[in-house]
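Me: Hi! I've got a structure open and would like to talk through its charged contacts and a bit of its surface. Mind if I fire off some questions?

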Amino acid sequence: MEEWRDVVGFEGFYQVSNFGNIKNTKTKLIKKIQLNVRLNRPQICLSKFDKVTTVYPHKLVMEAFVGKRPVGMECCHADGDPWNNNLSNLRWDTRINNSQDKFKHGTQKLGENHPMSKLTIEKVLKIRQDNRVHRLIAFEYGVSQSVISQIKSKKSWAHI
């Protein structure tokens, strides 16, 4: 059964449910959760006294039903789906455990799957075999010398 509670900091304006829905208490309309394109995460805009605040739905659910975020903790999704903001899917946990969850769910962006990656697995393997000075290799691939050093020492791209 869906249970509603006031959104912390927006009491009397908005309520959040244990299913992750957010509604305006005056109009009773459910607000639409939108995609933050830059972060590829769901977000919602709430307003109070003509001030608009962008917030994450999972945080609203946890604060209303569990309590304020403990220091050093993050909100984690048990199934790895940031759109599933059902209370039963959320928990406060450490950043390390949240990162380990990403590997478990297969949602961690590694290597060439990372949106900022300039290299491919094929290029990294070639870099590891290349015996020239790091400066020349870096220039050829359009990366810094420190990137080359980290690749060769397997501090980055360690998954291959």
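Me: How many salt bridges does the structure hold?

Reply: Happy to help! The structure holds ten salt bridges. Keep in mind that this is a predicted model.

Me: Remind me, why do such side chains pair at all?

Reply: Side chains of opposite charge can pair when their charged atoms come close.

Me: OK, let's take arginine 95. Which residue does it form a salt bridge with?

Reply: Its partner is glutamate 74, and the closest N and O atoms are 2.4 Å apart. Arginine 95 sits in helix 2 (residues 95-105) while glutamate 74 belongs to strand 7 (residues 73-77), so this pair ties together parts that are 21 residues apart in sequence.

Me: Is arginine 95 buried or exposed? And what about glutamate 74, buried or exposed?

Reply: Arginine 95 is exposed, with a relative accessible area of 58%. Glutamate 74 counts as buried, because its relative accessibility is 18% and the cut-off for buried is under 20%.

Me: Nice. Moving along helix 2, what does aspartate 101 pair with?

Reply: Aspartate 101 forms a salt bridge with lysine 104, with 3.8 Å between the closest N and O atoms. Both residues lie in helix 2, three residues apart, which is about one turn of the helix.

Me: And the accessibility of aspartate 101 and of lysine 104, what is it?

Reply: Aspartate 101 has 8% relative accessibility and counts as buried, whereas lysine 104 has 61% and counts as exposed.

Me: Now glutamate 140. Which side chain does it meet in a salt bridge?

Reply: That would be arginine 132, at 2.4 Å from N to O. Arginine 132 is partly exposed, with a relative accessible area of 36%. Glutamate 140 is partly exposed too, at 48%.

Me: Which residues do salt bridges with shared partners join into one network?

Reply: Arg91, Asp93, Asp101 and Lys104 are joined into one network that way. You met Asp101 and Lys104 above as a salt-bridged pair in helix 2.

Me: Changing topic: which residues make the nonpolar surface patch?

Reply: Leu35, Val37 and Trp83 make that patch, and its area is about 330 Å².

Me: Where is leucine 35 found?

Reply: Leucine 35 is in strand 4, which covers residues 34-36. With 41% relative accessibility, leucine 35 counts as partly exposed.

Methods:
Residues numbered from 1 in each chain as written. Predicted model: local features only at pLDDT ≥ 70, side-chain atom pairs only at ≥ 80, totals over all residues. Heavy atoms only, no water. Patch = residues over 30% accessible without salt bridge, like charges linked within 9 Å, V, L, I, M, F, W, Y side chains within 5 Å. Areas by Shrake-Rupley, 256 points an atom, 1.4 Å probe, with all protein chains shown as cover. Salt bridge = Lys/Arg side-chain N within 4 Å of Asp/Glu carboxyl O. Helix = DSSP H or I, 4+ residues; strand = E, 2+ residues; numbered from the N terminus. Buried < 20%, exposed > 50% of the residue type's maximum accessible area, 1.4 Å probe, protein only.
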